[in-house]
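Here are my notes after a pass through this one, mostly on the cysteines and the nonpolar packing. Have the viewer open while you read.

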Amino acid sequence: TDFLGKNSIQSRMSPEFWLTFMFVMFWIYVINATGQCHENEHSIGRMFLRGHTFKTLRVGFPEECYLWCEKEIRCQSYNFVIGQNICELNNRTKEARPEDFAPDWKKFYMKRSQNRVPLGSIKDLPAATCGEIKVSEGDEMANGKYWIYSDGFGGVIEAYCDESWQKINGKEPICFGAKDDQYGSFKMTKSGHVKTMKLIHRSGSVRCSSSTISSYWGCIHPEYGETLMTIITDANKKAILPPTEDLKAFVFVYYNKREHFYNLPGYHHNSTELVFRNLVNPLSVSSNQEMQIWYGQDWIDFGEVDNSGETCVDVYAWYG
């Protein structure tokens with residue numbers, strides 16, 4: 001006997017019905033299997049994460065996706081294709097890659113929350129950048145060492161992350177002097193696009209005259225005021241940070257009108273760190289590319305005769 005009627009049967013066979021039905025049956029299965037319901041676990045209908053699937057499986061029921069994801073250490077989330085019973089295991093979450101979270105009425109998305117390995121915490125699950133780890137893990141991310149891709153999605157390195165910042169130098173700081181081409185040299189450890197960089201003071205200071213007091217980053221002299229003179233360049237001495245348009249020069253002839261100092265709002269001669277402003281166009285860098293840190297007067301080879309001292313720093317980059 002047809003108790004439901006023709007219209008009800010058609011309604012039950014609609015994609016909307018099956019989507020709801022599968023959600024309910026899925027959670028009944030999970031609660032029975034685990035003995036508990038995890039409040040932070042939830043599926044999102046008609047959405048999926050694209051471009052991050054590392055394994056595709058055909059299963060009998062959607063709850064099998066949950067179990068397969070639990071077995072795979074790299075699994076961060078999965079998509080389920082309704083009607084085809086296809087399970088797509090992802091190595092990212094929608095939090096890590098929100099730009100790849102897209103609508104598809106034939107699928108639903110599920111994040112793994114139980115026993116999920118944090119992004120970048122193991123070598124088999126490297127992150128693109130420290131910033132990707134930060135958006136993926138949020139406040140759960142602790143500063144420390146993580147596995148990061150060093151060249152596109154090729155080599156992998158272990159790098160220190162301070163939230164979205166990646167430390168470039170190792171245990172030893174990068175030191176630069178104030179005269180005679182005593183620049184500090186370092187090499188980028190990762191290819192990619194750098195939005196900006198920062199320098200954290202470790203030790204030392206510099207002077208632009210025997211009669212002036214020391215500064216971490218510039219010249220404490222009435223002519224310079226609160227301006228700074230620590231400049232990051234490429235291997236050809238081309239200014240990178242601050243960008244060329246931020247650099248200033250004296251109008252005095254004896255300084256040859258060459259730009260070599262700048263203002264950086266919020267920072268002064270003895271700030272514990274210098275955080276440069278974001279570049280309008282992120283800088284493309286390659287792994288092992290040499291970069292240099294210069295003291296302004298030493299960089300332009302002028303007014304450096306009685307300069308002295310050395311500043312040592314840690315170098316961090318923010319990759320986009």
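1. A quick convention before counting: a disulfide here is a pair of cysteine sulfur atoms within 2.5 Å. On that basis the structure holds five of them. Keep in mind that this is a predicted model, so everything below is computed from predicted coordinates.

2. Some overall numbers to set the scene. The protein has 320 residues, and 47% of them count as buried. Its secondary structure comes to five helices and 17 strands. Of the contacts with a separation of 6 or more, 69% are between residues 24 or more positions apart. The exposed surface is about 16000 Å², with carbon and sulfur atoms supplying 52% of it.

3. How are the bonded cysteines paired up? Number them in sequence order and you get 1-4, 2-3, 5-6, 7-10, 8-9. I'll go through three of the disulfides in turn.

4. Take Cys65 and Cys87, which are joined with an S to S distance of 2.3 Å. This pair links distant parts of the chain, 22 residues apart: Cys65 sits in helix α3 (residues 63–71), and Cys87 is in strand β4 (residues 86–90). Are the two ends buried or exposed? Cys65 is at 0% relative accessibility, so it counts as buried. Cys87 is buried as well, also at 0%.

5. Next, Cys130 and Cys161, whose sulfur atoms are 2.0 Å apart. The link between Cys130 and Cys161 is left-handed, with -70° about the S-S bond. It connects distant parts of the chain, with Cys130 in helix α4 (residues 130–137) and Cys161 in strand β7 (residues 156–162), 31 residues apart. Cys130 has a relative accessible area of 1% and is buried; Cys161 is buried too, at 0%.

6. Then there's Cys175 to Cys312, S to S 2.0 Å. The link of Cys175 and Cys312 is right-handed, at 110° about the S-S bond. Cys175 belongs to strand β9 (residues 174–177) and Cys312 to strand β17 (residues 308–319), so the disulfide ties together parts that are 137 residues apart in sequence. Why does Cys175 count as partly exposed? Its relative accessibility is 25%, and the partly exposed class runs between the 20% and 50% cut-offs. Cys312, at 6%, counts as buried.

7. On to the packing. In soluble globular proteins, nonpolar side chains tend to be buried together. In this model the largest nonpolar core has 41 residues, and those with the most contacts inside it are Phe186, Met188, Met197, Ile232, Ile293 and Val315. The elements giving two or more residues to this core are β9, β11 (192–207), β12 (230–234), β13 (239–241), β15 (283–285), β16 (290–295), α5 (296–300) and β17. β9 and β17 on that list are also the strands that hold Cys175 and Cys312.

8. Worth clicking on Met188. Which residues does Met188 touch, leaving aside neighbours within four places in sequence? Its contacts include Ile168, Val194, Met197, Val285, Met291, Ala317 and Tyr319. Ser286, Ser287, Asn288 and Gln289 are also among them.

9. Finally, there is a second, separate core of 13 residues, including Tyr78, Cys87, Leu89 and Met110. Cys87 is the residue bonded to Cys65 in point 4.

Key: Residues are numbered from 1 along each chain as its sequence is written. This is a predicted model: local features need pLDDT of at least 70, side-chain atom pairs count only at pLDDT 80 or more; totals for chains, interfaces and linings use all residues. Side-chain values use heavy atoms; hydrogens and water are left out. Helices (H or I, at least four residues) and strands (E, at least two) are DSSP runs, numbered from the N terminus. Buried means under 20% relative accessible area, exposed over 50%, partly exposed in between (1.4 Å probe, protein chains only). A nonpolar core is a set of buried Ala, Val, Leu, Ile, Met, Phe, Trp, Tyr and Cys residues joined through side-chain atoms within 4.5 Å. Contact means heavy atoms within 4.5 Å. Accessible areas come from the Shrake-Rupley method with a 1.4 Å probe; for residues, only the protein chains shown count as cover.
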